[in-house]
Amino acid sequence: MKYLSQPLRLVAALSAAYALQVPMAFSADISATVPSGGGFVVKDASGAHERFKVQDNGEVLVPGISSAPANGQLTCFDGPSGRLGPCAAGAGSGPTGATGPIGATGATGATGAQGATGAAGVTGATGAAGPTGPTGATGAGATGATGATGPAGATGAIGATGPTGATGATGLTGAPGPAGVNGAQGPTGATGAVGATGATGAIGPTGATGPAGSATISLTETNATDTCSGGTKAVTATCSAGSVVSGGCEVSNVADSLIAVSKRASANSWTCTFSCGAANTVHTYAYCQ
């Protein structure tokens with residue numbers, strides 16, 4: 001910054017003082033013309049500190065403003081006239097700058113210490129026991145046929161007692177017939193009531209030995225099919241010829257059905273009674289001889 005020399009400051013001060021002493025006939029501005037490269041300076045009472053300065057090139061300097069008390073309002077100037085004054089709303093705020101790039105991700109912090117283990121929760125109540133599953137179907141097995149009993153011989157008339165004859169030779173023992181095939185175990189029937197004990201009858205004569213029974217068993221299977229749904233259903237299989245020896249039952253869905261009864265219904269038929277919760281195909285089998 002360039003300052004005026006002492007003679008120039010004296011000339012400027014005298015010019016200003018003279019201008020103030022001249023009577024003013026008209027309202028007009030007070031002008032001070034500074035020399036080329038000089039300026040108009042206002043100092044404090046001591047004359048040692050500049051308070052205000054206008055340069056020849058138009059610069060306005062206020063040297064003491066940097067040490068003045070801080071204020072909260074901005075000062076702006078009008079471009080064409082250079083008039084100072086408060087700033088208009090929004091003045092001094094430039095457009096928002098572009099968003100800067102995202103910074104690099106910082107390093108991962110150290111893992112903190114593991115927290116204390118929480119207290120154990122209360123044990124929940126035991127759930128109710130599930131329902132019992134249905135009873136499985138009884139297997140179908142044929143009972144072996146009992147050999148036919150030979151006819152009883154006629155009782156002969158008691159003759160007169162003759163003389164004792166000589167002992168005859170011992171006859172040859174016949175070979176035993178082959179053992180019959182064991183039939184499948186049939187269902188156990190209900191125990192009947194015990195009847196009254198009858199009187200002991202007289203011992204009758206021994207009848208003649210009947211002919212040996214055949215060891216061959218021939219069974220024929222027949223069956224009946226029906227639908228059981230939401231209740232009980234009785235299904236009977238009947239032998240077309242001969243008598244029933246045994247029988248059996250079958251359901252298509254063992255998880256939702258129950259075989260309630262399996263029995264011989266008559267000399268030539270077998271009956272199964274089913275209990276079903278949903279639609280099921282049911283079968284009854286009869287083994288005939």
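**Strands, core and surface of the predicted model**

Strands β7 and β10 run antiparallel to one another and are held in register by eight bridges. The model behind this picture is a predicted one. Along that pairing, threonine 238 sits across from serine 269 of β10. β10 also has a partner in β9, which covers residues 257-266; here too the pairing is antiparallel and counts eight bridges. Within this second pairing, leucine 258 has serine 275 of β10 as its bridge partner. The link between β9 and β10 is a hairpin, with two residues between the strands.

β10 is also a mostly covered strand, with six of its eight residues buried. That leads to the inside of the protein. The largest nonpolar core has 16 residues, and the members that touch the most others are Phe274, Val282 and Ala286. Five strands each put at least two residues into this core: β6 (220-228), β7 (231-238), β8 (244-251), β10 (269-276) and β11 (280-288). The largest share, four residues, is supplied by β10. Valine 282 gives a feel for the surroundings: leaving out residues up to four places away in sequence, valine 282 touches a set of residues that includes Ala224, Cys228, Val235, Val251, Phe274 and Cys276. Polar and charged residues turn up in the contacts of valine 282 as well, among them Thr225, Asp226, Thr227 and Glu250.

Asp226 comes up again in the charge pairs. Side chains of opposite charge can pair when their charged atoms come close, and the structure holds two salt bridges. In one of them, aspartate 226 meets lysine 233 through their side chains, at 3.6 Å from N to O. Both partners fall between buried and exposed: lysine 233 counts as partly exposed because its relative accessibility is 29%, and aspartate 226 is put in the partly exposed class because its relative accessible area is 30%. The other salt bridge joins the side chains of arginine 51 and aspartate 44, again with 3.6 Å from N to O. Arginine 51, at 42% relative accessibility, is therefore partly exposed too.

Arginine 51 belongs to strand β2, which spans residues 50-55 and is joined to β1 by five bridges, the two strands running antiparallel. These strands are part of an open sheet of three, ordered β1-β2-β3 and paired antiparallel. β1 and β3 (60-61) stand at the edges with a single partner strand each, so one side of each has no neighbour in the sheet. In the β1 and β2 pairing, glycine 39 has glutamine 55 of β2 as its bridge partner, while phenylalanine 40 is matched with valine 54 of β2. Six residues lie between the strands in the hairpin of β1 and β2, and glycine 47 in this hairpin takes a positive phi near 80°.

Phenylalanine 40 itself lies in β1, which runs over residues 39-43. With a relative accessible area of 31%, phenylalanine 40 is partly exposed. Phenylalanine 40 is also one of the residues in a nonpolar patch on the surface, alongside Val42, Phe52, Val60, Val62 and Ile65. Together these residues have about 470 Å² of accessible area.

Another phenylalanine lies further along the chain. Phenylalanine 77 is in strand β4, made up of residues 75-77. Because its relative accessible area is 61%, phenylalanine 77 counts as exposed. Setting aside neighbours within four places in sequence, the contacts of phenylalanine 77 are Gly82, Arg83 and Leu84. Cysteine 87 is 10 residues from phenylalanine 77 in sequence, and their C-alpha atoms are 7.9 Å apart.

Stepping back to the whole chain, the protein has one helix and 11 strands. In sequence order, the helix precedes the strands, as the pattern reads α-β-β-β-β-β-β-β-β-β-β-β. Of the 289 residues, 13% count as buried. The surface exposed by the protein comes to about 22,400 Å², and 57% of this is supplied by carbon and sulfur atoms. As for contacts with a separation of 6 or more, 60% of them are between residues 24 or more positions apart.

Notes. Residues numbered from 1 in each chain as written. Predicted model: local features only at pLDDT ≥ 70, side-chain atom pairs only at ≥ 80, totals over all residues. Heavy atoms only, no water. Salt bridge = Lys/Arg side-chain N within 4 Å of Asp/Glu carboxyl O. Buried < 20%, exposed > 50% of the residue type's maximum accessible area, 1.4 Å probe, protein only. Patch = residues over 30% accessible without salt bridge, like charges linked within 9 Å, V, L, I, M, F, W, Y side chains within 5 Å. Areas by Shrake-Rupley, 256 points an atom, 1.4 Å probe, with all protein chains shown as cover. Core = buried A, V, L, I, M, F, W, Y, C linked by side-chain atoms within 4.5 Å. Contact = heavy atoms within 4.5 Å. Pairing = 2+ DSSP bridges.
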